[in-house]
Amino acid sequence: MTLGLINANPVVHERRERLSRADDPPHYPYPHPHPHSHPDDVLDALDVFDSVRDIRDPEHPYSLEQLSVLSEESITVDEKLGRIQITFTPTVQHCSMATVIGLCLRVKLMQCFPPHFKVDIKVSPGSLANEEAVNKQLNDKERVAAALENPNLRQLVDECLYSSELYSY
Amino acid sequence: MELLDSNVDLKELQKLQGHADRVWGLAWNPAPHNCGGASAMLASCSGDKTLRIWQMGPTHRFDCSTILEDTHTRTVRSCAWSPCGKFLATASFDSTTAIWKYVGGDFECVATLEGHENEVKSVTWSSSGTFLATCSRDKTVWIWEVQPGDEYDCVAVLQGHSQDVKMVQWHPLVDVLVSVSYDNSIKVWAEDGDSDDWHCVQTLNEGSSGHASTVWSVAFNSSGDRMVTSSDDLTLKIWDTSSAISQTDTEGFASWRHLCTLSGYHGRTIFSAHWSSEGIIASGAGDDALCLFVEEKGNSIEEPSYRLLLKKEKAHDMDINSVRWNPKDQRILASASDDGTIKIWEVREIS
């Protein structure tokens with residue numbers, strides 16, 4: 001951990017106006033005893049985005065959406081194959097928080113979507129100096145599992161996830 | 001009739017449930033009769049911090065006979081039996097390796113190996129019974145010598161990998177060790193005849209036709225002249241040591257060369273591969289599929305090659321972390337998954 005913020009002056013954006021969806025609740029509440037099945041409701045990028053947009057940045061009291069770390073366009077979903085791909089853009093080139101953001105995304109997705117979904121998380125190309133190394137670590141499930149057993153790291157992730165309750169609708 | 005030439009299928013015999021988290025590793029007891037006359041024993045280790053032992057009963061079904069818990073404080077990542085079948089080693093993310101001894105129908109923790117700075121990823125017992133090896137995210141491989149009275153002395157701390165070491169495996173015949181890593185390389189370690197110093201005798205990386213991403217597992221064939229590695233680069237690689245093999249010549253195992261690469265069979269990281277005594281290679285991957293490969297019997301002038309015998313899609317509901325052949329019954333295979341289950345399979349010829 002470095003002293004002082006990596007990015008002391010982030011650019012903050014307005015939260016995009018939320019489109020209201022019919023039958024508001026998230027499509028895959030998890031854990032849930034019975035899988036939610038609405039033939040008309042196809043899991044799409046917006047569903048995934050809705051689950052992660054309010055995650056708080058590890059360093060600033062703003063959501064990942066507000067800091068333009070994430071957008072709906074940066075998410076791809078294939079429900080049939082059971083795949084989710086997320087690309088995120090750290091606010092600065094030398095962001096040591098990238099792995100923490102990646103962890104937060106993984107935990108939130110594990111909580112919101114069925115366990116068989118395969119999730120790939122990457123930083124957007126060109127956004128980080130050590131892009132390859134970070135992507136490798138973010139997608140090594142053994143490293144992720146071990147990191148989440150680290151109480152300090154787990155606490156930081158939980159803070160980023162649960163403070164989003166301030167923003168929930 | 002040779003199995004390898006006929007059509008086969010993989011029949012699911014049983015699904016073992018009980019672990020409360022993903023199952024990371026499996027190990028068949030090589031001498032189960034030494035544990036109270038059992039006919040087959042399978043150890044499984046999990047993110048639920050426990051190790052379970054499954055024993056085959058009179059009806060050929062497996063039941064969970066033992067749960068080893070309250071010892072490791074984090075994920076148990078890997079387990080390995082001693083050649084005599086009476087000891088079991090468990091490696092954990094809590095940075096320790098525990099040694100369990102079969103005593104009067106139960107398993108007692110008789111030793112704890114400490115020293116790694118962080119998560120231990122793998123443990124392996126040499127076939128001579130003399131050595132244990134462990135590896136860790138701390139980038140090192142440790143070699144431990146088994147002493148009388150359940151004592152274990154660390155005889156070497158091997159540095160060389162530049163990243164997390166994922167797995168270590170002893171050669172089936174001689175005291176030569178192979179390690180595979182997040183640094184994409186494979187390293188071969190042996191004892192210097194004169195000085196009893198362990199050192200790296202060979203490194204197989206991308207330049208030597210090696211893997212382009214993390215190498216997750218390594219396994220030898222029963223004669224010890226071939227090994228298979230599996231990787232995040234979505235391939236399996238077969239390696240061959242062409243030197244004459246004798247029981248005592250460890251130098252023969254320091255010159256491995258790339259024989260063959262199997263690609264296009266798995267769409268996600270291949271976490272595990274294992275070689276049966278009959279020569280069938282099983283692989284399990286993050287695409288939930290299980291594959292079987294055999295050597296192509298053909299023109300003896302050409303380089304040996306391997307072909308797909310069978311692919312079982314959706315063998316599990318989630319990633320497959322480990323595949324292990326039963327050493328006592330070469331048609332029986334066990335697989336372990338993120339879905340928390342273990343499956344027992346039988347390879348059968350179909351007419």
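A salt bridge here is a side-chain nitrogen of Lys or Arg within 4 Å of a carboxyl oxygen of Asp or Glu. By that rule, the interface of chain B and chain A in this predicted model holds 11 salt bridges.

**Stop 1: one salt bridge.** Select E142(A) and K166(B) and show their side chains. The two meet in a salt bridge, with 2.6 Å from N to O.

**Stop 2: the whole interface.** Widen the selection to the residues in contact: 17 residues from chain A and 26 residues from chain B. Between them, the two chains bury about 1,700 Å², and carbon and sulfur atoms account for 44% of it. On the chain B side, pick out R74(B), Y182(B) and R268(B), which lose the most area to chain A. Together these three make up 37% of what that side buries.

**Stop 3: polar pairs and residue types.** Turn on polar contacts across the interface; the rule finds 19 residue pairs, both residues at pLDDT 80 or more. Then colour the chain B side that touches chain A by residue type: 13 charged, seven polar and six nonpolar.

**Stop 4: a sheet in chain B.** Leave the interface selection and show chain B as a cartoon. Four strands form an open antiparallel sheet there, in the order β1-β28-β27-β26. Select β1 (8-16) and β26 (320-325) of chain B: each stands at an edge with a single partner strand, so one side of each has no neighbour in the sheet. On average, neighbouring strands of this sheet are turned by 25° against each other, direction ignored.

**Stop 5: one strand pair.** Add β28 (residues 342-349) of chain B, which pairs with β1(B) in the antiparallel sense over eight bridges. Finish on L16(B), which stands opposite I342(B) in β28(B).

Key: Residues numbered from 1 in each chain as written. Chains lettered and ligands numbered in written order. Predicted model: local features only at pLDDT ≥ 70, side-chain atom pairs only at ≥ 80, totals over all residues. Heavy atoms only, no water. Contact = heavy atoms within 4.5 Å. Buried area = accessible area lost by both parts, 1.4 Å probe. Polar contact = N/O pair within 3.5 Å; in protein donor to acceptor, adjacent residues only side chain to side chain. Nonpolar A, V, L, I, M, F, W, Y, C, P; charged D, E, K, R; others polar. Pairing = 2+ DSSP bridges. Helix = DSSP H or I, 4+ residues; strand = E, 2+ residues; numbered from the N terminus. Axes fitted to C-alpha atoms, helices over the stretch in contact; angles between N-to-C directions.
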